[in-house]
Amino acid sequence: MPTALITGANRGIGLELTRQFKEAGYDLIAVCRQPSQALQALGVRIEKDVELTERASLENLAQRLGPVRLDLLVNNAGVLRPSSLDSIESQLDDFRLQYEVNALAPLRVTSILLPHLKDGGKVVIITSRMGSMGDNSSGGHYAYRMSKAAANAGGVSLAHELKKRSIAVGLLHPGYVRTEMTGLNGDIGPAESAAGLFQRIEELTLETTGRFRHANGETLPW
Ligand SMILES: NC(=O)c1ccc[n+]([C@@H]2O[C@H](COP(=O)([O-])OP(=O)(O)OC[C@H]3O[C@@H](n4cnc5c(N)ncnc54)[C@H](OP(=O)(O)O)[C@@H]3O)[C@@H](O)[C@H]2O)c1
């Protein structure tokens, strides 16, 4: 049975990914700060109290995994806070937080869990088309866009680096999804998004490593 670890698994897209990978026969390790009732109801292994911006917390997670070997790591956790040019000085903490969670954490988590990843496995970063420069037709959301663009840049380097271990890296946009992050606005629900992401992850190979794709299958511009 393949094993997958998913961050931000207590709600939103991460919760649905956890549900769908479990249904597909994976052994799940659901990583979160506080488990929700919905996550607990899935009956998967839960690793809680994991604050993705803290080194001690990440080291503790790696330790708790013990001998676990991962086929798949999904860096899903993310944060969106308002940010604008005229308020940048009062929003600097939020700018930094988004960089820490959206860009740095996927890289830090991957780095610390590398010894647990199987050769030939997969690493996924749930990024956003908001990080695309080619697709930015409306501006705004400085911090979120910058953090996701940085996540994409990191993901491409990761794809090159992990090739030597035959680990494929996917950079996936989930769609505009009705979750707490969007105030429950969006084009699709978490279940539809997770179903698309599941397919894209199944399709991911060393031939397609480092690509930036929409859950609906489109390739997105950088
Ligand atoms: N929804 C969309 O339309 C959309 C579009 C493009 C990309 N995305 C991306 O998709 C991913 C999932 O988003 P979502 O819509 O499911 O958002 P969500 O419902 O707001 O869930 C965010 C998840 O990230 C976790 N998280 C945030 N900061 C964390 C931290 N410092 N340490 C540990 N966990 C942390 C949250 O945990 P807590 O419950 O503990 O806060 C929660 O589990 C994110 O990367 C997001 O940027 C979403």
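Helix α1 is mostly covered in this predicted model. Nine of its 12 residues are buried. These are Gly12, Ile13, Gly14, Leu15, Glu16, Leu17, Thr18, Arg19 and Phe21. The buried residues pack against several elements. Among the partners are the strands β1 (3-7), β2 (27-31), β4 (70-75) and β5 (117-126). The helices α2 (37-41) and α6 (190-203) are partners as well. The length of α1 was also examined. From its first C-alpha to its last, α1 reaches 17 Å. That is close to the 16 Å expected for its 12 residues at 1.5 Å a residue. Just after the helix, Gly25 takes a positive phi of about 100°.

Helix α1 also takes part in the surroundings of the ligand. It covers residues 12-23 and gives the most to the shell around the ligand, with three residues. The ligand has 28 residues around it. Of these, Gly8, Gly12, Ala77, Gly78 and Thr179 come nearest. Gly12 also appears among the buried residues of α1. By class, the shell holds 11 nonpolar residues, 13 polar residues and four charged residues.

Strand β1, one of the packing partners of α1, is mostly covered too. Five of its five residues are buried. Thr3, Leu5 and Thr7 point one way from the strand. Ala4 and Ile6 point the other way. Both sets are buried. Strand β1 runs parallel to β2, and five bridges join the two. Within this pairing, Ile6 has Ala30 of β2 as its bridge partner. The chain passes from β1 through α1 to β2, a β-α-β crossover that is right-handed. Strand β1 is also joined to β4, by three bridges, and these two strands run parallel. Here Ile6 stands opposite Val74 of β4. Ile6 is thus paired with Ala30 in β2 and with Val74 in β4.

Helix α5 was examined in a similar way. It covers residues 142-162. Its 21 residues should span 30 Å at 1.5 Å a residue. The end C-alpha atoms are 30 Å apart, so the span agrees with the expected value. Buried residues occur along α5, including Ala143, Tyr144, Arg145, Ser147, Lys148 and Ala149. Ala151, Asn152, Gly155, Leu158, Ala159 and Leu162 are buried as well. An α-helix has 3.6 residues a turn, so residues three or four places apart point the same way. The buried residues of α5 pack against helix α4 (92-113) and the strands β5, β6 and β7 (212-214). Strand β5 is also a packing partner of α1.

Two loop residues have unusual entries in the backbone angles for their type. Asp49 has a positive phi of about 60°, although it is not a glycine. Asp49 sits in the loop between β3 (45-47) and α3 (55-65). It is partly exposed, because 13 other C-beta atoms lie within 10 Å. Leu184 is likewise not a glycine, and its phi is positive, near 65°. Its place is the loop between β6 (168-173) and α6. Leu184 is exposed, because 10 other C-beta atoms lie within 10 Å.

Terms used
Residues numbered from 1 in each chain as written. Predicted model: local features only at pLDDT ≥ 70, side-chain atom pairs only at ≥ 80, totals over all residues. Near = placed C-beta within 6 Å. Helix = DSSP H or I, 4+ residues; strand = E, 2+ residues; numbered from the N terminus. Nonpolar A, V, L, I, M, F, W, Y, C, P; charged D, E, K, R; others polar. Expected span 1.5 Å × (residues − 1). Buried ≥ 20, exposed ≤ 12 C-beta atoms within 10 Å, placed from the backbone. Contact = placed C-beta atoms within 7 Å. Pairing = 2+ DSSP bridges. Right-handed = clockwise from strand over helix to strand, strands pointing away.
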